[in-house]
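Open the model in your viewer and keep the sequence panel beside it. This tour tells you what to select at each stop.

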Amino acid sequence: MRHAKRVDANHASIRDALRLAGWVVHDLSGAGGGIPDLIVAIAPGLPHFLEIKDGDKPLSAQKLTKAQEQWHSMCWQTTSKVRSLDEAVAALEWAKGRQ
């Protein structure tokens, strides 16, 4: 199976900034199959997934792929689509507050 090789332009900056802020982040961007770009530990044993989209691109270019839509439909409570560091932090804080 072939996996996507491209990541959005803001991927590395969001990933690295989350790590600098103290979040435990693992990059899954090479996994393919609709698996989100990042997995972040919001508490011991509690992950939250982040699908990063480039907020500078047109909305049509920020859509989820079919495989990503399938993932989101199965894991909607533990997955967020984000376009910026602020959105990523907000999503993680929201998820952390739900635990």
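Begin with the whole chain. Among contacts with a separation of 6 or more, 49% join residues 24 or more positions apart; contact means heavy atoms within 4.5 Å. This is a predicted model, where local features need pLDDT of at least 70, side-chain atom pairs count only at pLDDT 80 or more, and totals for chains, interfaces and linings use all residues. Residues are numbered from 1 along each chain as its sequence is written, and side-chain values use heavy atoms, with hydrogens and water left out.

**Colour by secondary structure.** You should find three helices and four strands. Both kinds are DSSP runs numbered from the N terminus: helices are H or I with at least four residues, strands E with at least two. From the N terminus, the order is α-β-β-β-α-β-α. The radius of gyration, taken over C-alpha atoms, is 13 Å, close to the 13 Å that the globule rule gives for 99 residues, so the protein is as compact as a globular protein of that length. That rule is 2.2 Å times the number of residues to the power 0.38.

**Select the strands.** They form an open sheet in the order 1-2-3-4, with mixed pairing. Two strands pair if DSSP finds at least two bridges between them. Strand 1 (24–27) and strand 4 (79–82) are the edges, each pairing on one side only. From one strand to the next, the twist averages 30°.

**Zoom in on strands 1 and 2.** Strand 2 covers residues 38–43 and runs antiparallel to strand 1, with four bridges joining them. Find histidine 26: opposite stands isoleucine 39 in strand 2.

**Add the helices.** Helix 2 (residues 66–74) packs on the sheet and touches strand 3 (46–52) and strand 4. Its direction makes about 135° with that of strand 4. Such angles run from 0 to 180 degrees between N-to-C directions, with axes fitted to C-alpha atoms, for helices over the stretch in contact. Next select helix 3 (residues 85–98), which lies across strand 2, strand 3 and strand 4. Helix 3 runs at about 155° to strand 3.

**Finish inside.** Which residues touch the most other members of the largest nonpolar core? Show Leu18, Trp23, Leu38, Val40, Leu50 and Leu92, from a set of 14. A nonpolar core joins buried Ala, Val, Leu, Ile, Met, Phe, Trp, Tyr and Cys residues through side-chain atoms within 4.5 Å; buried means under 20% relative accessible area (1.4 Å probe, protein chains only). Helix 3 gives the most to this core, with four residues.

How values were computed: Buried means under 20% relative accessible area, exposed over 50%, partly exposed in between (1.4 Å probe, protein chains only).
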